Amino acid sequence: MSKTNPGRFFEDYRIGDVIRHAVPRTVAEGERALYHALYPARHALYSSDEFAADCGLDGSPLDDLIAFHVVFGKTVPDISLNAVANLGYAEGRWLKPVWPGDTLRAESEVIGLKENSNGKSGVVYVRTRGLNQMGEAVLEYVRWVMVRKRDETTPAPAPVLPDLAKAVAAADLVIPEGLTFADYDFELAGEPHRWGDYAVGEIIDHVDGVTIEEAEHMLATRLWQNTAKVHFDATFREDGKRLIYGGHVISMARALSFNGLANAQMIVALNGGAHANPCFAGDTVRAWSEVLDKAETSVPGIGALRLRLVAHKGAAGDHKLRDDQGKYHPQVLLDLDLWVLVPV
Amino acid sequence: MSKTNPGRFFEDYRIGDVIRHAVPRTVAEGERALYHALYPARHALYSSDEFAADCGLDGSPLDDLIAFHVVFGKTVPDISLNAVANLGYAEGRWLKPVWPGDTLRAESEVIGLKENSNGKSGVVYVRTRGLNQMGEAVLEYVRWVMVRKRDETTPAPAPVLPDLAKAVAAADLVIPEGLTFADYDFELAGEPHRWGDYAVGEIIDHVDGVTIEEAEHMLATRLWQNTAKVHFDATFREDGKRLIYGGHVISMARALSFNGLANAQMIVALNGGAHANPCFAGDTVRAWSEVLDKAETSVPGIGALRLRLVAHKGAAGDHKLRDDQGKYHPQVLLDLDLWVLVPV
Amino acid sequence: MSKTNPGRFFEDYRIGDVIRHAVPRTVAEGERALYHALYPARHALYSSDEFAADCGLDGSPLDDLIAFHVVFGKTVPDISLNAVANLGYAEGRWLKPVWPGDTLRAESEVIGLKENSNGKSGVVYVRTRGLNQMGEAVLEYVRWVMVRKRDETTPAPAPVLPDLAKAVAAADLVIPEGLTFADYDFELAGEPHRWGDYAVGEIIDHVDGVTIEEAEHMLATRLWQNTAKVHFDATFREDGKRLIYGGHVISMARALSFNGLANAQMIVALNGGAHANPCFAGDTVRAWSEVLDKAETSVPGIGALRLRLVAHKGAAGDHKLRDDQGKYHPQVLLDLDLWVLVPV
């Protein structure tokens with residue numbers, strides 16, 4: 001009857017279903033400029049066509065997180081419109097740069113289903129792929145969300161839990177074709193620190209903070225065509241607050257991480273992540289990073305760092321993430337696990 | 001003496017005058033990206049070059065309302081700087097798509113004049129045309145506004161009231177050259193509903209709401225170079241509120257209408273419209289549509305729907321627009337009458 | 001130890017040092033669109049490719065102040081991260097238009113140093129150049145800032161004070177190659193006033209006002225990759241206010257000056273300037289200009305006006321800038337001294 005999209009409920013997912021998400025999107029220089037207006041992004045490879053050309057690329061690609069947000073945004077009407085919670089990410093890899101003028105679309109395969117014991121909801125696992133206009137995958141990741149059931153009396157499906165890697169193996173990282181750091185200009189990039197200068201266990205406090213405004217997170221979230229009500233409608237939640245799209249916090253933290261990780265030019269994998277606590281307008285977001293691992297890559301001169309990227313509000317609290325019960329401290333907003341590329 | 005523009009008063013308009021509006025404007029991919037950041041716009045034809053190419057176009061044109069806002073903005077210094085009220089629209093037609101890189105300018109012909117009985121103001125009717133860099137008309141519409149007199153003692157001109165159509169005739173709708181819905185991909189467009197699925201009298205509640213921020217409506221209004229003080233200067237009105245440009249509400253409502261009208265891809269006519277009540281920051285805007293009429297077009301496979309598009313704040317109030325005295329209910333912000341194109 | 005940038009202290013500058021600033025930036029149509037969204041910019045040469053072509057250019061360059069802000073932003077991490085105050089500008093000249101697609105970088109030469117008598121800080125003078133991807137200078141200006149010492153016991157360097165011109169000589173103004181106002185269309189530009197219509201000593205009140213929002217000044221300041229904490233972090237200052245980047249006020253004032261100076265198409269010199277008082281969100285910014293001087297240029301038909309451009313909040317206060325002690329009145333935000341090009 002109704003012509004509007006009610007979203008899918010837990011019963012509407014079947015293992016093996018491939019959902020082709022709606023509304024392809026051409027992204028270009030306008031999106032690039034807006035990204036720089038919305039986040040304090042300064043990584044040189046995404047700021048300068050000349051710098052990118054000196055790194056062997058045809059020009060500056062769009063920020064890796066633009067690709068992520070656009071693809072994620074496409075999935076919202078099919079995956080998370082009735083989601084109670086966005087539970088996790090795994091096995092995320094960037095596979096091709098996205099260039100100005102590319103058109104992105106997305107599709108998701110249902111790879112896991114498990115009803116909750118309360119019979120009211122269940123967890124849905126999807127592997128999402130972002131595709132460009134040539135049909136090439138530019139990005140893939142697994143996400144799992146808790147989704148309400150339409151009808152509590154529907155019998156539970158046989159549980160299927162996908163076997164997900166704790167982290168993408170360094171050997172599986174995809175280095176963009178042509179990328180080289182042979183003539184890398186550390187002065188222009190903004191910091192002298194090479195891959196060899198980072199030690200596993202090292203923590204970098206990124207110093208700067210940004211106080212978030214309603215107008216900004218809504219501009220960002222709409223730009224990625226993520227139109228979940230909770231981000232836009234101040235009358236939707238009982239407390240009158242608009243919940244900030246978790247991806248806005250991801251981009252803010254990544255941009256803040258320039259200060260100390262200016263040479264962590266490209267994100268190539270999303271090993272995992274949690275939106276630890278909700279973020280609201282008025283919060284001042286800060287970030288710190290921890291080096292979790294280091295690896296060589298298939299390309300000489302390009303090293304990989306596995307980083308924990310944490311966004312928090314208020315004090316960093318000794319870089320402790322969780323309390324004794326394993327619960328995230330309330331000041332922690334984001335706990336992300338990434339592989340990035342750094343000149344050796 | 002003064003070098004600043006005082007705007008025109010009622011006495012300054014003569015029937016037949018053609019006013020060539022200042023400041024031509026090149027619009028490109030930056031304006032497209034900003035449109036997506038400002039409004040939850042998801043109609044696929046304006047989101048994806050690939051989708052537009054599959055519909056027979058050279059690429060994705062700029063949103064129809066970008067053309068409208070830019071042209072409207074140009075007219076403000078000459079038409080509505082001393083306007084007391086924006087009274088109505090009629091006979092609006094989109095005549096050519098606007099492509100990234102096009103330069104728009106505008107001109108208006110005075111087609112009606114009627115002094116009010118109080119001798120303090122009068123109504124001015126203009127037919128405005130938007131022209132691209134080739135001098136081709138891309139848009140035309142009639143607008144009438146109430147304008148103050150400079151001097152109450154000036155004798156009233158002979159009243160001239162233009163004979164305006166209640167609605168653009170379906171036969172006069174201009175279908176963009178090459179447009180076809182023969183290979184239309186409903187899945188990518190986001191909804192399965194065809195022209196045949198809509199019935200005259202049907203009402204679609206578009207479900208979503210967006211709470212409006214000062215920063216957003218000012219960004220939008222400046223982007224269209226509409227610099228009327230009342231939108232920007234919090235000290236201008238006695239209540240300290242900035243009045244939101246009516247076009248911001250039009251674009252918000254149109255974008256919200258995606259949810260239920262995702263296949264209403266192009267706006268081709270503006271039959272009429274009223275900014276029923278002022279909109280202010282903090283208002284949560286919602287929208288509903290009513291199918292007023294249906295028509296075939298000159299192109300097989302492309303149908304036209306005549307829609308009433310209503311923006312409101314608070315509850316929809318049973319989709320009632322007016323009280324017993326014919327006055328708009330206070331929650332109604334916008335009452336617009338459009339023709340849109342939909343795949344048959 | 002720390003990998004983050006602590007900024008330079010007074011002791012870190014040596015006369016003759018050339019600092020190559022980090023993070024080159026490609027600017028394009030997205031930045032142009034954002035500029036129009038952030039400021040009520042209507043000068044036709046920067047709005048329309050067609051208008052610019054009729055003025056002999058290949059198309060519309062990016063706004064002169066985009067070049068200034070991008071170059072300024074690059075210098076912040078090296079020059080003003082530990083600055084106590086931004087004291088002045090001199091000898092600023094625009095040397096080449098910046099075109100969409102250009103990549104800008106910046107370098108600064110230390111040309112003056114003078115320790116303050118308190119031994120806690122000193123004044124650093126730098127001449128900054130903005131360079132495009134061909135290595136051509138597009139902009140140069142002198143700026144001086146007060147910078148903290150790292151260690152008060154460090155001996156003071158021999159003072160060096162550069163000999164700075166009170167104003168750029170008219171003969172040194174650079175007229176962009178090809179620029180002509182021979183076919184200038186005053187109607188499309190928006191005002192009839194020619195160079196000859198302006199008299200030295202004339203004051204133009206630009207009438208309009210814009211109330212500033214947090215989201216807007218932060219979007220702007222990030223767009224120029226100026227990431228000084230004080231503009232973004234509401235917890236940084238004791239009063240919880242974010243200080244608005246002075247350049248945001250410059251662009252706002254310049255855009256407001258359209259109303260009365262619509263034909264002051266290009267800024268070609270920055271003779272001097274002071275950010276007289278801080279600007280905060282909620283302030284309503286207005287502007288007035290005073291004609292300080294007039295000059296012919298090397299190109300027939302192109303005249304130069306030397307303008308004082310003042311931004312203020314609240315009333316203009318009879319266009320008085322300072323009190324009896326020579327201190328700026330509290331309503332004055334900006335006192336800028338520019339050369340602009342106007343059709344004769």
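How much area do chain A and chain B bury between them, and what share of it lies on carbon and sulfur atoms? In this predicted model, the two chains bury about 3100 Å². Of that area, 56% is on carbon and sulfur atoms. Three residues of chain A stand out: A:Lys3, A:Arg20 and A:Arg222. Together they supply 25% of the area that chain A buries against chain B, more than any other three residues.

The contact draws 33 residues from chain A and 45 residues from chain B. Charged pairs cross it, with a count of seven salt bridges between chain A and chain B. One of them joins A:Lys3 to B:Glu202, with the closest N and O atoms 2.5 Å apart. Polar contacts link 23 residue pairs across this interface, both partners being at pLDDT 80 or more. On the side of chain A that touches chain B, four elements each supply at least two residues. They are strand 2 (25-26), helix 1 (29-38), strand 4 (103-115) and helix 5 (214-223). Helix 5 of chain A gives the most, with six residues. By class, this side of chain A holds twelve nonpolar, ten polar and eleven charged residues.

The arrangement of chain A and chain B follows a rotation. Chain A superposes on chain B after a turn of 120° with 0.0 Å of shift along the axis, at an RMSD of 0.0 Å. The two copies are thus related as by a three-fold rotation axis. Within chain A, A:Gly30 comes closest to this axis, its C-alpha lying at 2.3 Å. Only 15% of the interface residues of chain A are also interface residues in chain B, so the copies meet through different surfaces.

Chain A also meets chain C. Here chain A contributes 45 residues and chain C contributes 33 residues. The buried area is about 3100 Å², and carbon and sulfur atoms give 56% of it. On the chain A side, A:Ala37, A:Arg42 and A:Leu188 lose the most area to chain C. These three account for 19% of what that side buries.

Salt bridges between chain A and chain C number seven. Among them is the pair C:Lys3 and A:Glu202, whose closest N and O atoms are 2.6 Å apart. Across this interface, 23 residue pairs are in polar contact, again with both at pLDDT 80 or more. Several elements of chain A each supply at least two residues to the side that touches chain C. The helices are helix 1, helix 2 (49-54), helix 4 (186-189), helix 5 and helix 7 (258-261). The strands are strand 7 (203-205), strand 8 (210-211) and strand 10 (284-296). Helix 1 of chain A provides the largest share, seven residues. This side of chain A comprises 19 nonpolar, twelve polar and 14 charged residues.

Chain A and chain C are likewise related by rotation. A 120° turn with 0.0 Å of shift along its axis places chain A on chain C, with an RMSD of 0.0 Å. A:Gly30 is again the residue of chain A that comes closest to the axis, at 2.3 Å for its C-alpha. The copies use different surfaces, with 11% of the contact residues of chain A recurring in chain C.

Key:
Residues are numbered from 1 along each chain as its sequence is written. Chains are lettered from A and ligands numbered from 1 in the order in which they are written. This is a predicted model: local features need pLDDT of at least 70, side-chain atom pairs count only at pLDDT 80 or more; totals for chains, interfaces and linings use all residues. Side-chain values use heavy atoms; hydrogens and water are left out. Copies are superposed by least squares on the C-alpha atoms of residues with pLDDT of at least 70 in both. Contact means heavy atoms within 4.5 Å. Buried area is the accessible area (1.4 Å probe) that two parts lose on being put together, summed over both. A salt bridge is a side-chain nitrogen of Lys or Arg within 4 Å of a carboxyl oxygen of Asp or Glu. A polar contact is a pair of N or O atoms within 3.5 Å; within protein, one must be able to donate a hydrogen and the other to accept it, and residues adjacent in sequence count only if both atoms are side-chain atoms. Ala, Val, Leu, Ile, Met, Phe, Trp, Tyr, Cys and Pro count as nonpolar, Asp, Glu, Lys and Arg as charged, and the others, Gly among them, as polar.
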